[in-house]
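Hi everyone, thanks for coming along. I have one model to show you this morning, so let me put it on the screen.

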Amino acid sequence: MTRRNYALKVFTASAFLASSLWLGGAYAQTAQPPAQPVMNAEQYHAEAQRLAVEADARYVTDFYDQILWNQAIRNAEAAVAAEPGNPTYLRTLAELYTRTQFWWRAYQNWLKLEQMAQLGDQERQWAALSAAKIGYIRLSRGLAVEAIPFLEASLRWEENPQVAAMLDVAQQQAADTAVQ
(Lines give C-alpha, C1' and ligand atoms only; values in the text may rest on other atoms or scores of the structure.)
Protein backbone atom coordinates (compact mmCIF):
# COMPACT_ATOMS: atom_id res chain seq x y z
CA MET A 1 0.00 0.00 0.00
CA THR A 2 1.41 3.34 -0.97
CA ARG A 3 1.70 6.22 1.43
CA ARG A 4 -0.90 8.12 -0.51
CA ASN A 5 -3.45 5.26 -0.33
CA TYR A 6 -2.71 4.79 3.36
CA ALA A 7 -3.20 8.52 4.05
CA LEU A 8 -6.46 8.52 2.07
CA LYS A 9 -7.72 5.48 4.00
CA VAL A 10 -6.87 7.06 7.36
CA PHE A 11 -8.45 10.36 6.33
CA THR A 12 -11.66 8.62 5.19
CA ALA A 13 -11.89 6.58 8.39
CA SER A 14 -11.24 9.68 10.52
CA ALA A 15 -13.86 11.69 8.67
CA PHE A 16 -16.40 8.91 9.04
CA LEU A 17 -15.67 8.54 12.75
CA ALA A 18 -15.85 12.28 13.35
CA SER A 19 -19.12 12.65 11.47
CA SER A 20 -20.60 9.67 13.30
CA LEU A 21 -19.65 11.13 16.66
CA TRP A 22 -20.93 14.57 15.70
CA LEU A 23 -24.24 13.28 14.32
CA GLY A 24 -24.65 10.88 17.20
CA GLY A 25 -24.05 13.64 19.71
CA ALA A 26 -26.44 15.97 17.92
CA TYR A 27 -29.08 13.27 17.72
CA ALA A 28 -28.74 12.50 21.41
CA GLN A 29 -29.40 16.15 22.25
CA THR A 30 -32.66 16.40 20.32
CA ALA A 31 -35.79 16.68 22.36
CA GLN A 32 -37.80 13.50 22.84
CA PRO A 33 -41.40 13.59 21.63
CA PRO A 34 -43.87 14.19 24.41
CA ALA A 35 -45.43 11.07 25.89
CA GLN A 36 -48.95 10.32 24.74
CA PRO A 37 -51.47 11.05 27.46
CA VAL A 38 -53.07 8.00 29.01
CA MET A 39 -56.81 8.00 28.45
CA ASN A 40 -59.54 6.01 30.08
CA ALA A 41 -61.65 3.44 28.21
CA GLU A 42 -64.45 5.90 27.49
CA GLN A 43 -62.02 8.40 25.98
CA TYR A 44 -60.34 5.72 23.83
CA HIS A 45 -63.76 4.61 22.62
CA ALA A 46 -64.84 8.16 21.77
CA GLU A 47 -61.58 8.73 19.89
CA ALA A 48 -62.05 5.47 17.97
CA GLN A 49 -65.53 6.56 16.92
CA ARG A 50 -64.32 10.02 15.93
CA LEU A 51 -61.50 8.58 13.83
CA ALA A 52 -63.86 6.09 12.19
CA VAL A 53 -66.20 8.89 11.12
CA GLU A 54 -63.24 10.82 9.74
CA ALA A 55 -61.91 7.73 7.94
CA ASP A 56 -65.32 6.98 6.48
CA ALA A 57 -65.47 10.49 5.03
CA ARG A 58 -61.91 10.39 3.67
CA TYR A 59 -61.54 6.94 2.09
CA VAL A 60 -63.54 5.39 -0.74
CA THR A 61 -62.83 1.86 0.47
CA ASP A 62 -62.06 0.77 3.99
CA PHE A 63 -58.85 -1.13 4.78
CA TYR A 64 -57.04 -1.80 8.04
CA ASP A 65 -53.74 -0.38 6.79
CA GLN A 66 -55.17 3.07 6.05
CA ILE A 67 -53.91 5.46 8.69
CA LEU A 68 -57.21 6.71 10.09
CA TRP A 69 -58.79 3.25 10.18
CA ASN A 70 -55.69 1.86 11.84
CA GLN A 71 -55.73 4.61 14.47
CA ALA A 72 -59.44 4.04 15.08
CA ILE A 73 -58.82 0.33 15.61
CA ARG A 74 -55.88 0.97 17.93
CA ASN A 75 -58.06 3.24 20.07
CA ALA A 76 -60.87 0.67 20.10
CA GLU A 77 -58.37 -2.00 21.13
CA ALA A 78 -57.16 0.25 23.94
CA ALA A 79 -60.75 0.77 25.10
CA VAL A 80 -61.35 -3.00 25.16
CA ALA A 81 -58.05 -3.59 26.96
CA ALA A 82 -58.93 -0.96 29.57
CA GLU A 83 -62.44 -2.39 30.09
CA PRO A 84 -62.57 -5.96 28.70
CA GLY A 85 -66.09 -6.64 29.99
CA ASN A 86 -67.72 -3.73 28.17
CA PRO A 87 -69.78 -5.06 25.23
CA THR A 88 -70.09 -1.59 23.68
CA TYR A 89 -66.33 -1.29 23.27
CA LEU A 90 -66.01 -4.84 21.94
CA ARG A 91 -68.87 -4.20 19.50
CA THR A 92 -67.08 -1.13 18.17
CA LEU A 93 -63.84 -3.07 17.74
CA ALA A 94 -65.57 -5.95 15.93
CA GLU A 95 -67.39 -3.48 13.69
CA LEU A 96 -64.15 -1.68 12.81
CA TYR A 97 -62.42 -4.94 11.96
CA THR A 98 -65.38 -5.92 9.78
CA ARG A 99 -65.52 -2.58 8.00
CA THR A 100 -61.79 -2.72 7.27
CA GLN A 101 -61.99 -6.29 5.98
CA PHE A 102 -59.76 -7.79 8.65
CA TRP A 103 -61.96 -10.89 8.63
CA TRP A 104 -60.15 -13.08 11.11
CA ARG A 105 -60.03 -10.50 13.90
CA ALA A 106 -63.59 -9.46 13.13
CA TYR A 107 -64.76 -13.04 13.45
CA GLN A 108 -62.89 -13.56 16.73
CA ASN A 109 -64.37 -10.40 18.24
CA TRP A 110 -67.91 -11.22 17.10
CA LEU A 111 -67.52 -14.61 18.83
CA LYS A 112 -66.36 -12.90 22.03
CA LEU A 113 -69.22 -10.43 21.85
CA GLU A 114 -71.74 -13.21 21.29
CA GLN A 115 -70.56 -14.86 24.51
CA MET A 116 -70.89 -11.55 26.34
CA ALA A 117 -74.14 -10.12 24.96
CA GLN A 118 -76.99 -10.78 22.56
CA LEU A 119 -76.15 -9.74 19.01
CA GLY A 120 -78.56 -7.40 17.24
CA ASP A 121 -79.63 -7.86 13.63
CA GLN A 122 -76.88 -5.66 12.19
CA GLU A 123 -74.24 -7.33 14.35
CA ARG A 124 -75.41 -10.79 13.29
CA GLN A 125 -75.12 -9.71 9.64
CA TRP A 126 -71.57 -8.45 10.19
CA ALA A 127 -70.61 -11.56 12.14
CA ALA A 128 -72.07 -13.73 9.36
CA LEU A 129 -70.17 -11.72 6.75
CA SER A 130 -66.83 -12.16 8.53
CA ALA A 131 -67.37 -15.91 8.93
CA ALA A 132 -68.51 -16.28 5.31
CA LYS A 133 -65.47 -14.40 4.02
CA ILE A 134 -63.10 -16.66 5.97
CA GLY A 135 -65.00 -19.72 4.76
CA TYR A 136 -64.87 -18.50 1.16
CA ILE A 137 -61.13 -17.83 1.39
CA ARG A 138 -60.47 -21.29 2.81
CA LEU A 139 -62.69 -22.93 0.18
CA SER A 140 -61.03 -21.02 -2.67
CA ARG A 141 -57.63 -22.25 -1.45
CA GLY A 142 -58.80 -25.86 -1.59
CA LEU A 143 -59.24 -26.14 2.18
CA ALA A 144 -62.84 -27.39 2.18
CA VAL A 145 -62.62 -29.12 5.57
CA GLU A 146 -61.35 -25.89 7.16
CA ALA A 147 -64.04 -23.82 5.42
CA ILE A 148 -66.99 -25.81 6.78
CA PRO A 149 -67.01 -24.50 10.40
CA PHE A 150 -66.86 -20.88 9.22
CA LEU A 151 -69.65 -21.35 6.69
CA GLU A 152 -71.77 -23.09 9.33
CA ALA A 153 -71.13 -20.24 11.76
CA SER A 154 -72.15 -17.74 9.09
CA LEU A 155 -75.43 -19.59 8.51
CA ARG A 156 -76.05 -19.79 12.25
CA TRP A 157 -75.91 -16.00 12.41
CA GLU A 158 -77.81 -15.33 9.20
CA GLU A 159 -79.48 -17.49 6.58
CA ASN A 160 -77.98 -16.83 3.16
CA PRO A 161 -78.53 -19.01 0.08
CA GLN A 162 -75.09 -18.17 -1.35
CA VAL A 163 -73.34 -19.22 1.85
CA ALA A 164 -75.51 -22.36 1.99
CA ALA A 165 -74.41 -23.19 -1.57
CA MET A 166 -70.75 -22.67 -0.60
CA LEU A 167 -71.28 -24.97 2.39
CA ASP A 168 -72.72 -27.65 0.07
CA VAL A 169 -69.67 -27.34 -2.19
CA ALA A 170 -67.30 -27.48 0.78
CA GLN A 171 -69.03 -30.56 2.20
CA GLN A 172 -68.93 -32.29 -1.18
CA GLN A 173 -65.26 -31.47 -1.69
CA ALA A 174 -64.47 -32.64 1.85
CA ALA A 175 -66.32 -35.92 1.19
CA ASP A 176 -64.49 -36.38 -2.11
CA THR A 177 -61.17 -35.77 -0.39
CA ALA A 178 -62.00 -38.26 2.38
CA VAL A 179 -62.78 -40.97 -0.20
CA GLN A 180 -59.43 -40.55 -1.95
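I will go through the overall fold, then one helix and its pocket, then the salt bridges, and finish with two single residues.

A word on the source before we start. This is a predicted model, so local features need pLDDT of at least 70 and side-chain atom pairs count only at pLDDT 80 or more, while totals for chains, interfaces and linings use all residues. Residues are numbered from 1 along each chain as its sequence is written, and side-chain values use heavy atoms, with hydrogens and water left out.

Let's begin with the fold. The protein chain has 8 helices and 0 strands, where helices (H or I, at least four residues) and strands (E, at least two) are DSSP runs, numbered from the N terminus. Read from the N terminus, then, the order of elements is simply α-α-α-α-α-α-α-α. The chain has 180 residues, and 33% of them count as buried; buried here means under 20% relative accessible area, exposed means over 50%, and partly exposed is in between, using a 1.4 Å probe and protein chains only. Contact means heavy atoms within 4.5 Å. Taking contacts between residues at least 6 apart in sequence, 51% join residues at least 24 apart.

Now to α6, which covers residues 121–140. How well does its length agree with what we expect of 20 residues at 1.5 Å a residue? The expected span is 1.5 Å times one less than the number of residues, so α6 should span 28 Å, and its end C-alpha atoms are indeed 28 Å apart. Just after this helix comes G142, with a positive phi near 80 degrees.

Which residues of α6 are buried? They are E123, A127, A128, S130, A131, A132, I134, G135 and L139. The cover over these buried residues includes α4 (87–99), α5 (103–116), α7 (144–157) and α8.

That brings us to the largest pocket, which holds about 150 Å³ of space. For the method: on a 1 Å grid over the protein atoms alone, a pocket is an open set of points with protein on both sides within 12 Å along at least five of seven lines, whereas a cavity is a set where a 1.4 Å probe fits but cannot get out; lining residues have an atom within 4 Å of a point. Grid points are joined across faces, edges and corners, and the volume is the space filled by probe spheres set on the points.

The lining of the largest pocket is made by A128, L129, A132, K133, S154, E158, N160, Q162, V163 and M166. Two elements, α6 and α8, give two or more residues each to that lining, and α6 has the largest share, with 4 residues. By type, the lining divides into 5 nonpolar, 3 polar and 2 charged residues. In this scheme Ala, Val, Leu, Ile, Met, Phe, Trp, Tyr, Cys and Pro are nonpolar, Asp, Glu, Lys and Arg are charged, and the others, Gly among them, are polar.

On to the salt bridges. There are 9 in the whole structure, each one a side-chain nitrogen of Lys or Arg within 4 Å of a carboxyl oxygen of Asp or Glu.

In one of them, R50 pairs with E47, the closest N and O atoms being 2.7 Å apart. Both sit in helix α2 (residues 41–58), and because they are 3 residues apart, about one helical turn separates them. R50 is partly exposed at 42%, and E47 is partly exposed at 25%. This pair also belongs to a network of salt bridges linking E47, R50, E54 and R58.

Another salt bridge joins R99 and D56 at 2.8 Å, N to O. R99 lies in helix α4 and D56 in helix α2, so this pair ties together parts that are 43 residues apart in sequence.

E77 and R105 also form a salt bridge, with their closest N and O atoms 3.7 Å apart. Here E77 is in helix α3 (residues 67–82) and R105 is in helix α5, so the parts tied together are 28 residues apart in sequence.

Last, the two single residues. T92 lies in helix α4 and is buried, with a relative accessible area of 12%. Beyond its neighbours within four places in sequence, T92 is in contact with H45, Q49 and A76. V169, in helix α8 (residues 161–179), is partly exposed at 40%. V169 and I148 are 21 residues apart in sequence, with their C-alpha atoms 9.5 Å apart in space.
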